Amino acid sequence: MSKLAHPVRGRRVHGIAGGITPAANKAASLRSRIMPCPLAPLYTLPLTQYKSVPLTPAVQAGDYVQKYQRLTTSANPDAAHVHAPTSGRIAAIRNCLIADRVETLAPCIELVPDGADTALGCSPVPDFRKLPTSELFQRIIDAGICGMGGAGFPVAQKLRLAQSADCQLLIINAVECEPFISADHALLRERAADVLLGAEIVQTVCRAARCVIALKRDMHAAISATRSALAHSTVEMLLVDSKYPAGAERQLIEAVTGMQLPAGSLPLEAGILMLNAGTTYACGQAVVTGSPCISRITTLTGSALTTPKNFEALIGTPVTFLLELCGVKQHDHTATVLGGSLLGVELASLAVPSTQTTNCLIAATSADLPQSEPELACIRCGYCADVCPVRLLPQQLHAFARNHAHAQLQDYGLTECIECGACDYVCPSHIPLVQYFRAGKQELRDATRHFEQAESWRTRFQQHQYRLKREKESARERRRPESQPTSAPVSRHSPAFSREQAQNEIAAAVARSKARQQARTNRLLASVPKSSGDPEDSGGVA
Amino acid sequence: MYPLIDTALIRLLLWAFLLLALLGLGVTAMRYWRRKLADQHSLVDRINALLPQTQCGACGFEGCLPYARAIANGQAINQCPPGGDGTIIRLGNLLNELPRTLNPAHGVVVEPRVAFIREDECIGCTKCIRACPVDAILGGPKLMHTVIARECTGCDLCVEPCPVDCIEMRPLGPDHSPRWVLPNSGSGTRTSLEVTR
Ligand code: SF4
Ligand code: SF4
Ligand code: SF4
Ligand code: SF4
């Protein structure tokens with residue numbers, strides 16, 4: 001953390017290794033202020049806010065709920081709970097389509113608003129410094145906040161880890177390096193003081209010695225707003241180069257501290273906690289106003305929208321409803337991308353709700369998202385290696401992934417690839433490198449799983465062989481005339497159990513089984529003749 | 001005058017030298033053989049680590065380890081149907097051999113399966129238990145038997161011995177989680193997640 005010894009507020013600009021500078025596309029959505037979102041006809045609230053934390057619904061279909069009411073329970077005290085974004089009736093609790101990287105079916109609570117928007121009372125706190133740390137933390141836990149930067153890890157769990165680790169530095173990540181997203185920019189431009197307040201609260205909770213907010217050099221409006229808010233705060237501001245992917249966790253840590261995290265280690269092991277600006281804002285609001293997190297700032301942009309904007313979108317708002325608010329030019333609208341243009345995924349269905357991680361929706365025209373050109377052979381130009389922020393060799397990884405060369409993929413650090421797509425972006429041969437890498441990572445995971453399974457089979461086979469050997473030996477022992485005169489029990493190996501006897505028994509058993517088999521066939525034939533394709537199902541019923 | 005070089009001394013030195021040389025040769029030869037044996041062992045281990053451990057015997061050997069020993073002694077690498085092309089490629093990489101297609105004399109690649117015993121038909125003859133190479137069947141004389149699905153390698157060996165034909169092989173349920181696939185040349189897309197379901 002040598003560079004942090006004398007951080008220069010807003011003056012020094014820190015860079016990352018590699019990186020690209022795609023044309024920024026934020027001006028359109030930054031033209032207007034953050035807009036409040038009108039009530040949608042239906043809210044779909046996923047119960048899988050983060051995979052590892054299962055939530056159980058605490059309400060039933062038909063229940064009336066008020067705004068801010070908690071709708072779930074969980075055995076985990078740090079789970080990020082779901083709260084009602086507005087008042088209304090629970091329509092159903094069922095599996096709905098949600099966008100979790102790809103569209104998947106997940107259990108959701110469906111809420112039909114009544115339009116009254118009656119809220120539960122919250123207890124605001126004028127000065128958070130008067131509250132004990134445990135109370136601050138409890139308020140953050142109760143707000144049900146997930147990381148809004150990407151993965152959606154529950155903030156309470158992250159803070160819990162930071163408390164037990166020795167957290168030295170808190171970095172607030174406002175480096176929105178994706179060319180289309182402007183949610184954090186808009187947030188800082190209009191509510192910089194609230195974000196910094198949130199940062200101070202989180203800093204108090206995780207007991208970090210310092211707190212740095214990192215912005216990108218070209219976020220001018222946000223920088224000036226932050227700078228004026230800094231006057232009343234202990235937070236320091238730091239600018240990084242306008243490069244993609246400067247906002248990636250490890251890259252930003254390198255830019256801020258000058259320290260490269262070792263492969264496979266977590267930032268907290270180095271005493272660093274990173275939170276997204278939106279998450280920090282939500283934490284601040286949770287403490288100051290006492291209200292749970294029911295909305296986030298979502299950028300709606302793309303050339304297919306008449307008026308791109310940032311909306312304070314309630315969690316669970318249908319994506320189509322959000323897009324309609326900005327006026328979709330139906331003729332030009334070719335695709336909708338969830339997330340940024342570089343890291344996002346194309347939505348196959350618009351019937352998904354927005355969540356706490358929905359930072360951006362791009363209604364793209366064919367000009368925004370041109371058809372990718374056919375993949376050509378790698379010409380070994382090395383551009384990809386120049387831009388890789390992890391300093392990998394994408395051209396080599398590409399060749400290895402093609403050839404399923406798992407050992408080399410490991411050696412060349414495929415698992416370190418952050419799938420940022422910078423290599424993809426510059427490749428003159430239009431090779432979809434990231435897709436190769438994702439497939440390669442999948443193969444590595446599969447291989448590990450298979451290997452572990454094979455290992456267990458191998459062990460069992462060896463033990464089996466050993467058992468056979470042992471049995472053979474003990475049988476030989478028994479055959480010896482002088483040993484074990486008559487004390488041996490009547491077993492199949494002793495002469496008392498005669499061969500005919502055994503054969504008779506087996507024949508009888510075979511006959512019984514045949515009879516049962518016959519009975520079953522008869523039963524099957526007697527029942528629905530068409531369903532005889534699956535005999536064992538009906539066999540179990542009797 | 002004494003001769004400067006005593007013939008007896010020369011002879012003694014010569015013998016000593018010869019003995020030492022022989023000893024050295026012996027030690028070297030011994031180390032060489034041990035080394036070679038160890039190499040052979042580690043080669044067998046490395047080959048065995050690449051085999052799928054289904055223990056089905058389709059390769060013509062009693063299990064994966066015997067086949068690994070045979071490969072180390074020059075047996076063809078394309079005799080393992082459960083491993084399929086992946087195993088052949090990995091074996092080829094290890095042994096510096098060109099990958100070949102699976103030898104059809106040993107069978108065809110089938111999707112992963114597990115054995116299933118129709119329990120009301122089982123007569124408790126214990127024949128399947130004796131056939132199972134990984135002890136994945138639970139049961140006892142004249143008692144109902146069942147397969148521990150998690151341990152079953154899908155080797156097929158228990159099906160044939162059953163006198164009442166109550167064991168069947170069932171395919172493992174398909175994995176529905178989205179999977180990334182290698183792009184086909186010419187159809188790669190930049191932003192969309194390509195998944196097979
Ligand atoms: S940028 Fe593309 S063509 Fe150039 S070396 Fe990398 S993969 Fe090959
Ligand atoms: S996608 Fe991976 S290999 Fe390509 S530039 Fe980013 S980190 Fe490097
Ligand atoms: S064929 Fe069967 S026994 Fe032979 S190596 Fe392959 S899995 Fe093992
Ligand atoms: S239960 Fe049958 S198929 Fe499964 S491992 Fe044992 S013998 Fe093979």
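## Helices and strands

Helices and strands here are DSSP runs, with at least four residues for a helix and at least two for a strand. Chain A of this predicted model has 15 helices and 17 strands.

## Overall shape

Chain A is more spread out than a compact globule, because its radius of gyration is 31 Å and the globule rule gives 24 Å for 542 residues. The C-alpha trace of chain A spans about 100 × 60 × 55 Å along its principal axes.

## Two domains

Chain A is divided into two parts: domain 1 covers 35-314, and domain 2 covers 377-472. The C-alpha centres of domain 1 and domain 2 of chain A are 33 Å apart.

How many residues of domain 1 of chain A are in contact with domain 2 of chain A? Ten residues of domain 1 take part, and they meet eight residues of domain 2.

## Inside and contacts

Of the 542 residues in chain A, 50% are buried. Buried means under 20% relative accessible area.

Contacts in chain A often link distant parts of the sequence. Take the contacts with a separation of 6 or more: residues 24 or more positions apart account for 71% of them.

## Surface and charge

The accessible surface of chain A is about 25300 Å². Carbon and sulfur atoms hold 54% of that surface.

Chain A carries 55 positive side chains and 48 negative ones. Where do the centres of the two sets lie? They are 4 Å apart.

Definitions and conventions. Residues are numbered from 1 along each chain as its sequence is written. Chains are lettered from A and ligands numbered from 1 in the order in which they are written. This is a predicted model: local features need pLDDT of at least 70, side-chain atom pairs count only at pLDDT 80 or more; totals for chains, interfaces and linings use all residues. Side-chain values use heavy atoms; hydrogens and water are left out. The radius of gyration is taken over C-alpha atoms; the globule rule is 2.2 Å times the number of residues to the power 0.38. Buried means under 20% relative accessible area, exposed over 50%, partly exposed in between (1.4 Å probe, protein chains only). Contact means heavy atoms within 4.5 Å. Accessible areas come from the Shrake-Rupley method with a 1.4 Å probe; for residues, only the protein chains shown count as cover. Lys and Arg count as positive and Asp and Glu as negative; His and the chain ends are not counted. The place of a charge is taken as NZ of Lys, CZ of Arg, CG of Asp or CD of Glu. Domain bounds come from an automatic or database domain assignment.
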